[in-house]
Amino acid sequence: MADRVAGPEIERLIQLLARLPGLGPRSARRAALHLMRKREDLLAPLADAMRVARDRIVTCSACGNLDTLDPCTICRDPRRDPTTLVVVETVSDLWALERAGVVRGRYHVLGGVLSPLDGVGPDDLNLHTLVEHVAADGVAEVVLAVNATVDGQTTAHFVTDLLSHLDIKVTRLAHGVPVGGELDYLDEGTLAAAMRSRTAF
Ligand code: ZN
């Protein structure tokens, strides 16, 4: 047991922290030690916040976001434009768009992408609720903000077909040169997409 540095309670804390995305065993040990050193300033409030989160987190029945309110804070916000609905794969994509502050409308979280190889079909995603969402709420434009991956694009085509009988505009995010990007470093697929998606200057 040469690798054991602490009692079972601390080992359990480290093991749980190591399961967080981006934290391996080494970072988990460092984080656990930091929490133990700052147990009044950080560990206690963190434990309280986690307890509250555990008891109150719900999935928004309207959009699929995670919040302590249902409908979520975004769906409740009267300043949001109800005619624009942004379709994302995951809650983390929703949060990324919110951080950028570029969406004035509301969202719909699919909960993943279609992936025949991984056995993910239409019934595994929030697709039926998307059609209800669009039809019921007076949505005029659906923005497909899915990843620029093969599965993401397959999903985008599927959603477009699914909504084709409704009188709405379906758009997708542009593909191309990232802000601050240098052409010489881009792959051919990105360059080709950027050329196809060129806009008037
Ligand atoms: Zn919501």
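A residue counts as buried when its relative accessible area is under 20%, as exposed when that area is over 50%, and as partly exposed in between. By that scale Arg 51, with a relative accessible area of 44%, is partly exposed. The structure described here is a predicted model, and the points below take up its zinc site, its open sheet of four strands and its salt bridges.

**Zinc site**

- The zinc ion has as its protein donors the SG atoms of Cys 60, Cys 63, Cys 72 and Cys 75, which lie 2.3 to 2.4 Å from the ion.
- The angles among the four donor atoms run from 105 to 115 degrees, and the site is tetrahedral; for comparison, the ideal angle for four tetrahedral donors is 109.5 degrees.
- Along the sequence, the donor residues follow the spacing C-x2-C-x8-C-x2-C.
- Because Cys 60 sits in the loop between β1 (58-59) and β2 while Cys 72 sits in the loop between β2 and α4, this pair ties together parts that are twelve residues apart in sequence.
- Cys 60 is buried, since its relative accessible area is 3%, and Cys 72 is likewise buried, with a value of 0%.

**Cis peptide bond**

- The peptide bond that joins Asp 70 and Pro 71 is cis, with omega at about -5 degrees.
- Pro 71 belongs to the loop between β2 (66-67) and α4 (73-76), and Cys 72, one of the zinc donors, is placed in the loop between β2 and α4 as well.

**Sheet and packed helix**

- Four strands form an open sheet in the order β4-β3-β5-β6, and their pairing is parallel.
- At the edges of this sheet are β4 (106-109) and β6 (169-172), each of which pairs on one side only.
- From one strand to the next, the twist of the sheet averages 25 degrees.
- Strand β3, covering residues 84-88, runs parallel to β4 and is joined to it by four bridges; Val 87 has His 108 in β4 as its bridge partner.
- Helix α5 (residues 91-100) packs on the sheet, where it touches β3 and β4, and the direction of the helix makes about 160 degrees with that of β4.

**Salt bridges**

- The structure holds six salt bridges, and in general side chains of opposite charge can pair when their charged atoms come close.
- Glu 11 forms a salt bridge with Arg 29, for which the closest N and O atoms are 3.9 Å apart; the pair links distant parts of the chain, with Glu 11 in helix α1 (residues 8-17) and Arg 29 in helix α2 (residues 25-37), 18 residues apart.
- Within that pair, Glu 11 counts as buried at 8% relative accessibility, whereas Arg 29 counts as partly exposed at 31%.
- Arg 51 and Asp 48 meet through their side chains in a salt bridge with an N to O distance of 3.1 Å, and because these residues are three residues apart in helix α3 (residues 39-56), about one helical turn separates them.
- Asp 48, at 42% relative accessibility, counts as partly exposed, as does Arg 51 at 44%.
- Arg 80 forms a salt bridge with Asp 77, with the closest N and O atoms 3.9 Å apart; Arg 80 is buried, with a relative accessible area of 12%, and Asp 77 also counts as buried, at 15%.
- A network of salt bridges links Asp 77, Arg 79, Arg 80 and Glu 98.

Key. Residues numbered from 1 in each chain as written. Predicted model: local features only at pLDDT ≥ 70, side-chain atom pairs only at ≥ 80, totals over all residues. Heavy atoms only, no water. Helix = DSSP H or I, 4+ residues; strand = E, 2+ residues; numbered from the N terminus. Pairing = 2+ DSSP bridges. Axes fitted to C-alpha atoms, helices over the stretch in contact; angles between N-to-C directions. Contact = heavy atoms within 4.5 Å. Donors = N, O, S within 2.8 Å, 3.2 Å for Na, K, Ca; no water. Tetrahedral: all angles 85-135°; square planar, octahedral: opposite > 155°, others 65-115°. Buried < 20%, exposed > 50% of the residue type's maximum accessible area, 1.4 Å probe, protein only.
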